[in-house]
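Please go through the fold of the protein shown here. Short answers with explicit cut-offs are preferred.

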Amino acid sequence: MGTTKRAKHVVLFPFPGQGHLASFLAISRLLIRELPDATVTLVSTPRNVAAMRSSLAAEHYSSISFHALPFVPADHGLPAGCESTSSLPVPAFITLFEAFETVEPAFDAYLSGLRGGGDVCVVADVFVAWTVCAARRRGCAHAVAVSCGALGTAIFHALWSYMPALPFGSDNGGTLLLPELPPGMALERSQLSPAFLFRGELSDRWTAFYHRIMRHGHRTDAVLANTVEELEPTGLAMMRRALANDKVPVWPVGPLVRGDNDSDDDDGVLRWLDSQAPSSVLYISFGSQNTVQAHQMTELAAALEDTGRPFVWAIRPPVGSDIAGAFRDEWLPEGFEARARSGNRGILVRGWAPQVRILSHASTGAFLSHCGWNSVLESMAHGVPVIGWPLAAEQFYNVTLLAEEWGVCVEVARGNLPSSRVERAKVAEVVETVMGDTPESAAMRRRVAEVQEVMRGAWAEDGGSSRAALHEFLRAMRLK
C-alpha cells in the first residue's frame with residue numbers, strides 16, 4: 001500500500017511597510033512555483049489583506065489564499081483605517097509595531113484551526129517575530145524573513161543589542177566601536193538616524209520593542225535573507241555569527257524584487273523617457289516614506305540645472321510637511337519646473353512613480369536614491385548605478401556595501417536633519433562622475449553589470465545559489 005502524503009501549508013505574515021509587503025508577495029510567488037501541491041496563505045489585518053489580494057489578483061495568482069485578523073486601529077491610538085506605515089509619519093511607526101503585537105491571540109487561534117495532521121510552517125517578517133510564540137504552542141515550524149540586506153540587518157542587530165548605551169569611542173563620540181564589525185569598517189554618528197531612536201520616550205519604546213523582537217528572533221527555526229550568497233559574504237557571516245549560539249541557519253534567497261508591472265498609469269513618464277537618449281536620464285527618488293529638507297531640495301534642484309542632464313524626480317513635500325500632501329512650488333527655485341519642462345530637460349512626478357518601469361527603461365542612466373534595500377535591488381537588477389543619499393535606518397550601511405564592496409555607488413549626501421548639508425557643486429560633481437563619459441563611470445557600469453549577472457545567476461536552474469538555498473530551507477521545514 002502507498003503512503004498518504006502529508007498536507008503542506010505555508011503561512012506568510014508580512015509587516016505592512018511597502019518594502020516588506022513587496023518581499024512577501026515575491027516569496028508567495030516563489031512558493032506557489034516551488035510547492036505546487038502546498039497551500040500558501042497570506043495573513044494580515046483586513047486592509048492589508050485587501051491590498052495584497054488586489055495586487056496578486058492583477059497578476060493572476062488565484063491559488064494563494066488569505067486570512068484577515070481582526071484589528072481596530074482606534075483601539076491603539078492610530079488614525080481611522082491606519083493599518084500600514086504608509087498612513088503614518090516615521091516617529092509614529094512604533095505605535096503600529098506595538099499595536100500589531102496585540103493580534104497574537106487571534107493569530108494563535110488561526111494556527112490552532114489549521115491542525116489536521118499536515119506540516120505547517122509560519123514565515124514571518126522580522127517585525128512580527130512574536131509569531132514564533134504561537135508557532136511553538138501549535139507545533140508549527142517557524143522562520144523569520146528579513147527584507148533588508150544582510151550587512152544592514154547584521155549592523156542593525158548589533159546596534160540594538162547595545163541600546164540604549166552605544167559604545168562610542170573617545171574621539172568626541174564620533175565613531176562607534178562595534179566589536180561585531182569586520183576589520184576596517186567603522187560607523188560614524190552621522191550614520192545613526194533618525195535621531196529620535198537614541199533619546200527620549202520614543203527611544204525607550206523603540207528599544208524595548210527591538211529587544212523583544214530580537215529575543216523572539218533567536219527562537220526561530222530559520223532566517224530567510226533577501227540577498228545573494230555571492231554578493232554579501234561579509235553581512236551573511238555577521239548574521240550567522242549572531243545566530244550561531246541558537247543554531248539558527250541563515251538562507252539567502254534573494255533577490256526578491258517586484259516585476260515591471262507595477263502600474264498602467266505611467267504612460268506620461270514612459271513617453272517622456274522614450275524621447276531621451278539612452279542612459280542619459282537621472283532618476284531621483286527617496287522612497288515612499290522618506291523626503292528631504294526644503295533647503296536640500298533647493299540645492300538639489302540647482303545642481304540639476306547646473307548639470308543640464310535630463311531627470312525624472314519623484315518628489316514629495318519636505319520634512320516637516322505632510323509627506324502625502326500636495327507639493328508647493330515654493331519649495332523649489334522659482335520657475336524650476338517650468339524651465340525643465342520647456343527645455344524637455346526633466347519632469348517632476350508628484351507622489352508615486354512607476355519605479356521599476358523607470359529603472360528598466362533604456363534611457364535611465366543613474367538612480368539618486370535613499371538606498372532602501374528594495375530600491376538597491378531593483379536598481380542592480382536593471383543595471384543602473386546608484387548615487388547614494390541615505391536618510392535613515394540601515395540605508396547608511398547599504399551605501400557602505402554599494403560603494404566600498406560592490407563599487408556601484410557614490411555617496412553624495414547623508415541624512416535629512418535641519419543640520420544635514422548638501423552642496424549643489426558636490427551633487428553636480430557626483431552626477432558627472434557617475435553619468436559622464438569618464439573612466440570612473442565606465443568602471444562603475446562594468447561592476448553594475450557584474451552584480452546584475454550574479455543576481456540573475458542566483459536563480460539559475462542549474463546551480464543557482466538562491467534556488468539551492470530555498471530548496472534547503474523547504475526540506476528543513478519538511479515542506480519538500
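The questions below cover the two sheets, the helices on them and one helix pair.

Q: What kind of model is this, and what pLDDT do local features need?
A: Residues are numbered from 1 along each chain as its sequence is written, and side-chain values use heavy atoms, with hydrogens and water left out. This is a predicted model in which totals for chains, interfaces and linings use all residues, side-chain atom pairs count only at pLDDT 80 or more, and local features need pLDDT of at least 70.

Q: Which strands stand at the edges of the seven-strand sheet?
A: Helices (H or I, at least four residues) and strands (E, at least two) are DSSP runs, numbered from the N terminus; two strands pair if DSSP finds at least two bridges between them. The seven strands form an open sheet with parallel pairing, in the order 3-2-1-4-5-8-9. One side of each edge strand has no neighbour in the sheet, because each has a single partner strand; these are strand 3 (65–68) and strand 9 (250–252).

Q: Which residue in strand 8 does Ala143 stand opposite?
A: Strand 5 (residues 141–146) and strand 8 (residues 222–225) run parallel and are joined by four bridges. The residue in strand 8 opposite Ala143 is Ala222.

Q: At about what angle does helix 17 run to strand 9?
A: Angles run from 0 to 180 degrees between N-to-C directions, and axes are lines fitted to C-alpha atoms, for helices over the stretch in contact. Helix 17 (residues 465–476) lies across strand 4, strand 5, strand 8 and strand 9. Its angle to strand 9 is about 140 degrees.

Q: What is the strand order of the six-strand sheet?
A: This sheet is open and its pairing is parallel. Strand 12 and strand 15 (409–411) are its edges, each with a single partner strand, so one side of each lacks a neighbour in the sheet. Neighbouring strands here are turned by 20 degrees against each other on average, direction ignored. The order is 12-11-10-13-14-15.

Q: How many of the residues of strand 11 are buried?
A: Buried means under 20% relative accessible area, exposed over 50%, and partly exposed in between (1.4 Å probe, protein chains only). In strand 11 (residues 311–315), Phe311, Trp313 and Ile315 point one way, Val312 and Ala314 the other way, and all are buried. Strand 11 is therefore largely enclosed by the rest of the structure, the buried count being five of the five.

Q: What is the handedness of the β-α-β unit made by strand 10, helix 10 and strand 11?
A: Strand 10 (residues 281–285) pairs with strand 11 in the parallel sense over four bridges. A crossover is right-handed if, with the strands pointing away from the viewer, the path from the first strand over the helix to the second runs clockwise. The unit, with helix 10 (residues 294–307) between the strands, is right-handed.

Q: Which residue is the bridge partner of Ile315 in strand 12?
A: Strand 11 runs parallel to strand 12 (residues 346–350), and five bridges join them. The partner of Ile315 in strand 12 is Arg350.

Q: Is helix 15 parallel or oblique to helix 16?
A: Helix 15 (residues 424–435) packs on helix 16 (residues 439–457) at about 60 degrees, with their axes 6 Å apart. Angles under 35 degrees count as roughly parallel, over 145 as roughly antiparallel, 65 to 115 as roughly perpendicular and the rest as oblique. The angle therefore makes helix 15 oblique to helix 16.

Technical notes. Contact = heavy atoms within 4.5 Å.
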